[in-house]
Amino acid sequence: MNLRKILTKDVITNDLKGDTKEEIIDSLIDLLASAGKISDRESIKKCIMEREAKMSTGMEAGIAIPHGKSDAVDELVGCVGIKKGGVDFKAFDGQPSRIFIMTISPVHRTGPHVQFLAEISRLLREPDARQKLISAGSDEEIFSIICG
Amino acid sequence: MTHLMTILVLQLAMIVFFAKILGWFFPRYLKLPKVLGELTAGMAIGPYALGSIYLDILHGPLFEIPAGGELAISPELYGFAVVASIVLLFVSGLETDLPTFLKFSAKGSIVGLGGVIVSFVFGDLATVLLLPSVHSFMDPAALFLGTLCTATSVGITARILSEKRKMSSPEGVTILAAAVLDDVLGIVLLAVIVGISKVASTHGHIPWAHIGWIALKAFGFWIASTVIGILIAPKLTRGLKRFKSMDMIASISLGIALFLSGLAELAGLAMIIGAYVIGLALSQTDISHEIMKKMHGIYDFFVPIFFAVMGMMVNFEAMSSVWVFGLIFSVVAIAGKMIGCGLPAFLAGFNFRGALRIGCGMLPRGEVTLIVAGIGLSSGAIGHDLFGVSIVTLLVASVIAPPLLIKSFDGGSGYRKKFGGDEAAHNVQSIELSFPTPRMSKFILELVLDSFRTEEFFVQQMDFGRDIYHVRKDTITITVTLRDNELTINTQPENEHFVRLLMVEEILVLNDFLGGLEGMKSPDMMGAEIMRGLFSSPSAKSDSDASGDKPVTS
């Protein structure tokens, strides 16, 4: 699938602010809000935190994929943030998370929502790709690593 | 009139009883397809067997062959079979994955196309060479027998592939993709053949220029009505949605299918083309799944009637003269599919073993074969003898195919070494989950299938009544199987992330559901409250009610 339909340079950052799970999620929401992708921050945060409460989206190898469903969006929105120093995101392997991919999908619309998350996760299978993302010097660099 | 209707309802009653019982018995105890059970039921109780026995109460047999009619059953009963065939093809159209058909793998296309062309030519030529009464390749009888060799009933294959866990193997994916093309081509071919045979029966011989025109007209009608259908389907569904009732929407859709079937017949094509086209058009809308669900009841009632009625038309006496031809024809039909599908598969990179598997997978025949034979018989293009040959072909292929297919999957890879890279991409990843009870596993299955649909995947149940599903979108193919308490999802490694992420979300939904249950009152207490007072005397009960001690069932 074409990741560029969802990911643009203004929803990517290589310098995510925050030292806790909640602060990281707030920063990712800020990123989407400043790009004009969302307006109702509170309901977006609510759906993301509810999903985290069920099961942490901190995966393995420093990757976390916070996501949720909300009526506050009309179509899938997503962003990518890198926290070079890592944050405890309650990952399965207990390691700090460094690469964050967040998506919010509409509740009542069909579309390749999980497929989008899966596509990026698949790109990050290779340790090399993960390392490149973490050490990327600019947002443009991250964009070209993910979107090719 | 009353007597006529009495006979009709009694006939229908017998057909429903026997078709349903044998349709249940065959797969359960003989490991044979349900359709064979229903067909056998028709043969056994039909006018050429038990149905011919004189019954005092009716002053005649239950199934009396109408005098002077072309068919062995009454026109009223045949009417039910016609409606059943429309329901059958409407559902087939609804189940068709058109995007896959339009752009699916090259392998599937050439295998499907090869199978249709070679088996048609083999069937047609065998009829011309072996039957002294047939002189030309364009003789309606030869054309009909050729056409009925082309159809594939992929339900049986899908079940075996699922049992052998090979549905997402390169062979499995190729067979399932080829079968889509096979269905569509078979129906188009039928449209053309019906047109040609009508000309033949009018003029006695076939003028070649006219054939070209008829073929073009049939193909043109099919393409035009399909394109128009697909274009207006979104508007049509928007209009239908105003009724805000799926029952209404499904019934009106079936009404449109019946209407278009009539129009197709008026245009000189087979009725079922109209039903198939409207099903195909609606398959691309967001209500196709809901319509299909609503059609289950009608399908389950009507379709066994169709198969049983087809069985009733088997005239054992007329067949006795063409037994040998029937058996040879069956072998030719099998060879046509094996070569027609196997050879292109071999050329596309499969080894001999893989090509054999694909050939075997395309062997089973069912619904479409019977429809072609039925139309041939009712239009007079084939007689009772050749109708019998069609049934023998269907029986032989359907009985031989399952063991052959199972055996063919023994051994290693079906790919040639030089295509090894491709094979690596086709290694199947299996995700298995067990649940404590069948109900819970069914619940999670529905959740998973719904979330595939939400991701805009096309979900197709491969075998009515069994939980084997083929899930497709673009080049992604996933199979979902539920057996007892075990849910298995097979897919290529590149889709594993997607499937796992999707599964996790659904497990969390299940978890929410279970959490919600814990929040309820204890089931024991709820049960006790429902039952309280059930065995008290009325006076004691009214006292208890007056005291405000009423059952609470929230």
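These legends go with four close-up views of a predicted model.

**View 1. Helices α19 and α20 of chain B cross at about 130 degrees.** Here we're looking at α19(B), residues 438-454, packed against α20(B), residues 496-518, with the two axes 10 Å apart. That angle makes the pair oblique, because it falls outside the ranges for roughly parallel, roughly antiparallel and roughly perpendicular. As for handedness, α19(B) and α20(B) cross right-handed. On the α19(B) side, look for B:Met440, B:Phe443, B:Ile444, B:Leu447, B:Val448, B:Ser451 and B:Phe452. Facing them from α20(B) are residues including B:Phe498, B:Leu502, B:Met503, B:Glu506 and B:Ile507, and further along α20(B) the list takes in B:Val509, B:Leu510, B:Phe513 and B:Leu514. Sorted by class, this α19(B)-α20(B) contact comes to 14 nonpolar residues, 1 polar and 1 charged.

**View 2. Chain A meets chain B, with a salt bridge in the frame.** The side chains of A:Lys54 and B:Asp512 pair up here, N to O, at 3.0 Å. Between chain B and chain A the salt bridge count is 2. Zooming out a little, chain A puts 18 residues into the contact and chain B puts in 16. Together the two chains bury about 1500 Å², and carbon and sulfur atoms account for 61% of that area.

**View 3. Helices α5 and α6 of chain B pack with their axes 7 Å apart.** The pair is α5(B), residues 106-130, and α6(B), residues 140-148, set at an angle of about 140 degrees. Their crossing is right-handed. From α5(B), the contact draws on B:Ser119, B:Phe120, B:Gly123, B:Asp124, B:Thr127 and B:Val128. From α6(B) come B:Ala141, B:Ala142, B:Leu143, B:Leu145, B:Gly146 and B:Thr147. By class, the α5(B)-α6(B) contact splits into 6 nonpolar, 5 polar and 1 charged.

**View 4. Helices α1 and α3 of chain B cross at roughly 45 degrees.** In this view α1(B) covers residues 2-30 and α3(B) covers residues 75-95, and their axes come within 10 Å. At that angle, α1(B) counts as oblique to α3(B). The crossing of α1(B) past α3(B) is right-handed. To find the contact, start on α1(B) with B:Leu4, B:Met5, B:Leu8, B:Gln11, B:Leu12 and B:Ile15, then hop over to B:Glu76, B:Leu77 and B:Phe80 on α3(B). The tally for the contact of α1(B) with α3(B) is 7 nonpolar, 1 polar and 1 charged.

Key
Residues numbered from 1 in each chain as written. Chains lettered and ligands numbered in written order. Predicted model: local features only at pLDDT ≥ 70, side-chain atom pairs only at ≥ 80, totals over all residues. Heavy atoms only, no water. Axes fitted to C-alpha atoms, helices over the stretch in contact; angles between N-to-C directions. Helix = DSSP H or I, 4+ residues; strand = E, 2+ residues; numbered from the N terminus. Parallel < 35°, antiparallel > 145°, perpendicular 65-115°, else oblique. Left-handed = near helix turned anticlockwise from the far one by under 90°. Contact = heavy atoms within 4.5 Å. Nonpolar A, V, L, I, M, F, W, Y, C, P; charged D, E, K, R; others polar. Buried area = accessible area lost by both parts, 1.4 Å probe. Salt bridge = Lys/Arg side-chain N within 4 Å of Asp/Glu carboxyl O.
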